[in-house]
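Hello,

Here is the structure I promised to pass on to you. Have a look at it first, and then read my notes underneath.

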Amino acid sequence: MMIRPCTVWTSIAQGDLHRMLKTVRASAMAATILLSLAASPALAEQVVVTADHMVDVLAGKTVDHPAIFITDGRITGIADARTVRWGSDVRHIDLSGKTILPGLIDMHVHLTSLAEVGGYQGLRYTDSFWTAVGVKNARITLKAGFTTVRNVGSADFADVGLKQAIEEGQIVGPRIIPAGYAIGATGGHCDGGGLPPSMDRKEPSVVDSPQEGRAKVRWLHKYGARVIKICATGGVFSLGDAVGAQQLSFDEMKAIADEAHMLGLKVAAHAHGNDGIRTAIEAGIDTIEHCSLADDETIKLAASRKTWFDMDIYNDDYILATGTANGTEQESLDKEKLIGRLQRETFRKAVKAGVPMLFGTDAGVYPHGDNGKQFAKMVEWGMTPMQAIQAATVSGAKALGWEADVGAIAVGRYGDIVAVQGDPLKDVTLLQHVSDVVKGGELVE
């Protein structure tokens, strides 16, 4: 006999029905709570870092006896180690006798390049060799105290791969802002030169119109670039071009900058010659790299526009000292001899004129891990030690748009900290020998 549904429901007293529904709701809520507890992460790890002194780059002074509290990788508190106490469940990183600074930022590196392999020698290696090189260089760079880097040019999106592997914990390295391919004109610094026409091809990096520039920015962004790099002029290591000659037009630079900014990306311009530097500033490029031959008017323009200069004034020493031993072509050495001293003079003028300055080394042109050697050159050519340190910390963070994350030992930012023996404000060369590195609250072994 078929029983109608209404017969079943009407046979239950209204009060009983309410009790049943209440029980079902309670059971469902309990199940939800249990699932939530099962899915919740373990208790947040707490770390405290103590030292004798701390360079406060925001205030421009030294603080004694700091205690930096870090929870799940970010700084949650700063106190006086002499007056504060912490429990046994807080992991203590004791840097007694040392001075701590924020993790350093190098705004111009090439992790997948080797200074020891120059010129045509690079053609001896298969493409994937350079990604493997990047794994080693990433670790070396981090151990040198640089917890954040901007990688401004890498073939095959190798820098994107390094970034992903580091974030997934597969390899050790700094926080990476990758550019992927650097964008340039046919036959320019970002195009593969020095080969015969029979081996010609259009490189993925090449654009020859504003429209191609816009499309290339979209393509790079699609595959993981988080900064856009352009080649506005010739370069030292590109064969067959003039180091100071402009290679992209204003319209091309402007189209690239506008497209990148629409996507929330910053733009860096390789530029040695004055015309290329000035055009890049006028096109709205965020940071100008090298800046070797900027004249007084262009320096004034950069100061008034608050356009960042990112000048690699150490590597001239290495390039000229090694000569052709690493395979560097004589043509490249001649270019370096032409601009090296002039670049340092430009640096001095830019500092004096109030141009906002960054710390960028072009690591890969000289050996990775020696990044800290540039601090002494920056002081030699016009900066105070504090200004040089700020260029590699708070200024770098601002130029990246990462002020909430890196560049200072401050609440809310990542627990990225480096330590040296002694006072780097008295002897900036101490930053060439970082003794300890903490990234996200973890001591790098």
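Residues 99-444 are 36% helix and 14% strand, and the C-alpha atoms at the two ends of this span lie 17 Å apart. Please keep in mind that this is a predicted model. The span itself comes from UniProt, where an unreviewed entry lists residues 99-444 as "domain: Amidohydrolase-related".

Next, the pocket that may interest you. The second largest pocket has a volume of about 230 Å³. Its lining is made up of 13 residues, and those closest to the centre are Leu 142, Ile 171, Val 172, Gly 173 and Lys 439. Three elements each give two or more residues to this lining: α3 (129-143), α4 (158-167) and β16 (442-443).

What is the chemical character of that lining? Six of its residues are nonpolar, five are charged and two are polar. Two domains take part in the second largest pocket, as domain 1 (46-102 + 433-443) and domain 2 (104-406) each supply at least three lining residues.

Finally, a strand pair to look at. Strand β3 (residues 66-71) and strand β4 (residues 74-80) run antiparallel and are joined by six bridges. Together β3 and β4 form a hairpin, with two residues between them. Thr 71 stands opposite Arg 74 of β4, while Asp 72, in the turn, has a positive phi of about 50°.

Happy browsing, and write back whenever you like.

Best wishes

Technical notes. Residues numbered from 1 in each chain as written. Predicted model: local features only at pLDDT ≥ 70, side-chain atom pairs only at ≥ 80, totals over all residues. Heavy atoms only, no water. 1 Å grid on protein atoms, 1.4 Å probe; cavity = no way out; pocket = protein on both sides within 12 Å on 5 of 7 lines; lining within 4 Å. Points joined across faces, edges and corners; volume = space filled by probe spheres on them. Helix = DSSP H or I, 4+ residues; strand = E, 2+ residues; numbered from the N terminus. Nonpolar A, V, L, I, M, F, W, Y, C, P; charged D, E, K, R; others polar. Domains from an automatic or database assignment. UniProt positions renumbered as here; feature names shortened; annotations may be inferred. Pairing = 2+ DSSP bridges.
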